[in-house]
Amino acid sequence: METLITLKSIYKTYKLDSQEVDALRGIDLSIPKGAICSITGPSGSGKSTLLHIIGTLDRPTSGVISINSTNVATLSDQMLSVFRNCTIGFVFQMNNLLPEFSALENVMLPGIIAGSKDEAVRERANFLLKSVGLGHRASHRPGELSGGEQQRVAIARALLMAPPILLADEPTGNLDKKTSASIEELLMNLCHENGVTMLMVTHDPSLASRLPNAICMEDGKIISTSLI
Ligand SMILES: Nc1ncnc2c1ncn2[C@@H]1O[C@H](COP(=O)(O)OP(=O)(O)O)[C@@H](O)[C@H]1O
Ligand SMILES: [Mg+2]
């Protein structure tokens, strides 16, 4: 099967004043195209750091990462942000929606950043809002939506550019059980329908067990994987 994401000997050390924290200590990983994979492990084991590095939001201290056959280390910061905008969608625990903008405008944002035609972006954003069940709330601001609805808007925003990769960090972490189940189902369906490769950090073992693939981390290392 085609490999979409490759990490070779990735290390990440954070330097705070004179203290160093080794957040990732030698990660080797190949993620096949179309994988839907959980990332689990104790708090502080490096899950978010790994997701940030795969998401090109942060650069590793050493090691090579290649996404969609692009060695991302070779891209300038400016090229990287263009690459990121079309290749990777993010869904975080805190949805980071802009409070001053409507749901529709929030979903449109990646398209506006990319400089796409306003009408085409608006049409796709409306389509996505409908597909996450929020067609009727397009003009509402995030503050007027429930936590689950806000997360649906964030998912629609993440998918606007039709990225091949979706990275989710505890996307259901702030939600009650029922809402969490509906968000999980939505994410799974959208990934299957669109052939999206998804990595999802979760501390919920039962959620992790429902995903076809798994990565377990401990102390900055991968201790086990089940990847096709
Ligand atoms: N920006 C940062 N600066 C310094 N240390 C950090 C930073 N981000 C994370 N860390 C440290 O790196 C380690 C891994 O953190 P993180 O990736 O957030 O773990 P997890 O998501 O598994 O809880 C932790 O010891 C954490 O304190
Ligand atoms: Mg984390």
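Let me start in the loop between β1 and β2, where Asp 17 is found. This is a predicted model, so please hear every value as computed. Asp 17 has a positive phi of about 50°, although it is not a glycine. Is Asp 17 buried or exposed? Asp 17 is exposed, because 5 other C-beta atoms lie within 10 Å and the limit for exposed is 12 or fewer.

Keep that residue in mind for a second one. Glu 170 is also a residue other than glycine with a positive phi, near 50°. The place of Glu 170 is the loop between β7 and α6. Here the neighbour count is 20 C-beta atoms inside 10 Å, so Glu 170 counts as buried. The cut-off for buried is 20 or more, which means Glu 170 sits at that cut-off.

Now the protein as a whole. There are seven helices and 10 strands. The radius of gyration is 17 Å, close to the 17 Å that the globule rule gives for 228 residues, so the protein is as compact as a globular protein of that length. Along the principal axes, the C-alpha atoms fill a box of roughly 45 × 45 × 40 Å. Of the 228 residues, 39% count as buried. For contacts with a separation of 6 or more, residues 24 or more positions apart account for 71%.

Back to β1 and β2, this time as part of a sheet. Which strands form the open sheet, and in what order? Four strands do, in the order β2-β1-β4-β5, and the pairing is antiparallel. The edges are β2 and β5, residues 70-71; each has a single partner strand, so one side of each is left without a neighbour in the sheet. At the β5 end, two bridges join β5 to strand β4, residues 62-67. Ile 67 stands opposite Thr 70 there.

The next strands to look at are β3, β9 and β10. Strand β3, residues 36-40, runs parallel to β9 and is joined to β9 by four bridges. One pair to look at on the screen is Ile 39 with its bridge partner Ile 215 in β9. On the β10 side, five bridges join β9 to β10, residues 221-226, and those two strands run antiparallel. Cys 216 stands opposite Ser 224 in β10. The β9 and β10 hairpin has two residues between the strands, and Asp 219 in this hairpin takes a positive phi near 55°.

What are the two faces of β9 made of? The covered face of β9, residues 213-218, holds Asn 213, Ile 215 and Met 217, while Ala 214, Cys 216 and Glu 218 are on the uncovered one. So that the two pairings can be placed: Ile 215, the partner of Ile 39, is on the covered face, and Cys 216, opposite Ser 224, is on the uncovered face.On to ligand 1. The residues around ligand 1 are Tyr 14, Leu 16, Val 21, Ala 23, Gly 41, Ser 43, Gly 44, Ser 45, Gly 46, Lys 47, Ser 48 and Thr 49. The elements that give two or more residues to this shell are β1, β2 and α1. Which of the elements gives the most? That is α1, with three residues. By class, the shell divides into four nonpolar, seven polar and one charged.

Now the helices. Helix α5 covers residues 147-159, and its 13 residues should span 18 Å at 1.5 Å a residue; the end C-alpha atoms are 19 Å apart, which agrees. How many residues of α5 are buried? The count is 10 of 13, and the helix is mostly covered. The buried residues include Gln 150, Val 153, Arg 157 and Leu 159. They pack against β6, α3, α4, β7 and α6.

From the α3 side, the buried residues are Ala 103, Leu 104, Asn 106, Val 107, Met 108, Pro 110 and Gly 111. Those residues pack against α2, α4 and α5. After α3 comes Gly 115, whose phi is positive, near 80°.

Last, α2, residues 77-87, in which Asp 77 lies. Asp 77 counts as exposed, because there are 8 C-beta neighbours inside 10 Å. The C-alpha atoms of Asp 77 and Lys 130 are separated by 34 Å, with these positions 53 residues apart along the chain numbering.

Definitions and conventions: Residues are numbered from 1 along each chain as its sequence is written. Chains are lettered from A and ligands numbered from 1 in the order in which they are written. This is a predicted model: local features need pLDDT of at least 70, side-chain atom pairs count only at pLDDT 80 or more; totals for chains, interfaces and linings use all residues. The expected span of a helix is 1.5 Å times one less than its number of residues. Two residues are in contact if their C-beta atoms, placed from the backbone, lie within 7 Å. A residue is near a molecule or strand if its C-beta atom, placed from the backbone, lies within 6 Å of it. Ala, Val, Leu, Ile, Met, Phe, Trp, Tyr, Cys and Pro count as nonpolar, Asp, Glu, Lys and Arg as charged, and the others, Gly among them, as polar. The radius of gyration is taken over C-alpha atoms; the globule rule is 2.2 Å times the number of residues to the power 0.38. Two strands pair if DSSP finds at least two bridges between them.
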